[in-house]
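Thanks for making time this morning. I would like to walk you through one model, element by element, and I will keep to what can be read from the coordinates.

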Amino acid sequence: HRGLNDRTIDTFGLGYSPKNPKHFLQYAVAKGYKEELLKELGLISMNGNDFYRERVIFPFYNLSGKIIGFGGRILKDNVKAPKYLNSPESEIYNKRKTRYGLYQARQDIRKQGRCILVEGYTDVLSLHQSGIKNVVASSGTSLTVEQVLLIKRFTHQVLVLYDGDVAGQKAAVRGLDIFLEQGLNVKIVILPEGHDPDSYVTELGQDAFSSFIEKEGQDFILMRAQNIAR
């Protein structure tokens, strides 16, 4: 129902883990991979079942285009299970050094001279599909110096988009001092209440959405000063 097309699915390598709890395990072992290694990387659970079964799979890429980890989103409603499962830390995956979508966005970030930062995987996918391709996601993790330095390799300008609710507004100013400490310029856009980047770009379309974020972008330092003044 998100309306993602085949090109977007291929660009980001989206997949699906079937219901069969041994499907991936059997496939990987047949290819010569050891079960203990699969457990170490979080691909199967300690009891030997596929870790991501019945979930949409979002691969995490490094800047060389190699897959280093995964996020899995459940499709069922009203079940007692986490909405998202992510790969554990390993020798090849370190979440402090990873931004979702940066591999796909890196050239457009350089071209546009700016990086757009959103919260979720589907926000990245929807904006990319609409033609706004210089976008990466925080994916619910706290911003780190390593992640900021990754972005700084491509631009010194950052535009942060957050949901138009109270939690989104609080998140918009949390941890962004790291950007300033590393010499980046930051603007923030708070979307209308009830919207996230995915829903709002779908409603407005690329041109109107781009105009909105250009008009509504607030300088982070001024925003902080105004909040302190209140």
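Strand S2 and strand S3, the latter covering residues 67-74, run antiparallel and are joined by seven bridges, and I should say at once that this is a predicted model. One of the pairs to look at is Tyr 61, whose bridge partner in S3 is Ile 67. These two strands belong to an open sheet of four strands, ordered S1-S2-S3-S4, in which the pairing is antiparallel. Strand S1, residues 15-17, and strand S4, residues 84-86, are the edge strands, each pairing on one side only. If direction is ignored, neighbouring strands of this sheet are turned against each other by 30 degrees on average. Helix H5 packs on the sheet, where it touches S2, S3 and S4, and its direction makes about 75 degrees with that of S2.

That brings me to the interior. The largest nonpolar core has 25 residues, and those touching the most other members are Tyr 100, Ile 116, Val 118, Leu 127, Leu 161, Phe 209 and Ile 213. Among the elements that give two or more residues to this core are strand S2 (55-61), helix H5 (121-130), strand S7 (157-162) and helix H10 (206-216), and H5 gives the most, with four residues. Leaving aside residues up to four places away in sequence, Ile 213 touches Ile 116, Leu 159, Leu 161 and Val 189. There is also a second, separate core of 23 residues, which includes Leu 117, Leu 143, Leu 150 and Val 160.

Where, then, is Asn 49 found? Asn 49 sits in the loop between helix H3, residues 35-40, and S2. Its relative accessible area is 17%, and because the cut-off for a buried residue is under 20%, Asn 49 counts as buried. Beyond residues up to four places away in sequence, Asn 49 touches Pro 21, Lys 22 and Ile 44.

Let me finish with the open space. The largest pocket has a volume of about 350 Å³, and 18 residues line it, with Tyr 33, Leu 41, Leu 43, Phe 70 and Ile 92 lying nearest its centre. The elements giving two or more residues to that lining are helix H2 (23-30), H3 and S3. Which element supplies the largest share of the lining? That share, four residues, comes from S3, the strand with which I began, joined to S2 by seven bridges.

How values were computed
Residues are numbered from 1 along each chain as its sequence is written. This is a predicted model: local features need pLDDT of at least 70, side-chain atom pairs count only at pLDDT 80 or more; totals for chains, interfaces and linings use all residues. Side-chain values use heavy atoms; hydrogens and water are left out. A nonpolar core is a set of buried Ala, Val, Leu, Ile, Met, Phe, Trp, Tyr and Cys residues joined through side-chain atoms within 4.5 Å. Buried means under 20% relative accessible area, exposed over 50%, partly exposed in between (1.4 Å probe, protein chains only). Contact means heavy atoms within 4.5 Å. Two strands pair if DSSP finds at least two bridges between them. Axes are lines fitted to C-alpha atoms, for helices over the stretch in contact, and angles run from 0 to 180 degrees between N-to-C directions. On a 1 Å grid over the protein atoms alone, a cavity is a set of points where a 1.4 Å probe fits but cannot get out, and a pocket is an open set with protein on both sides within 12 Å along at least five of seven lines; lining residues have an atom within 4 Å of a point. Grid points are joined across faces, edges and corners, and a volume is the space filled by probe spheres set on the points.
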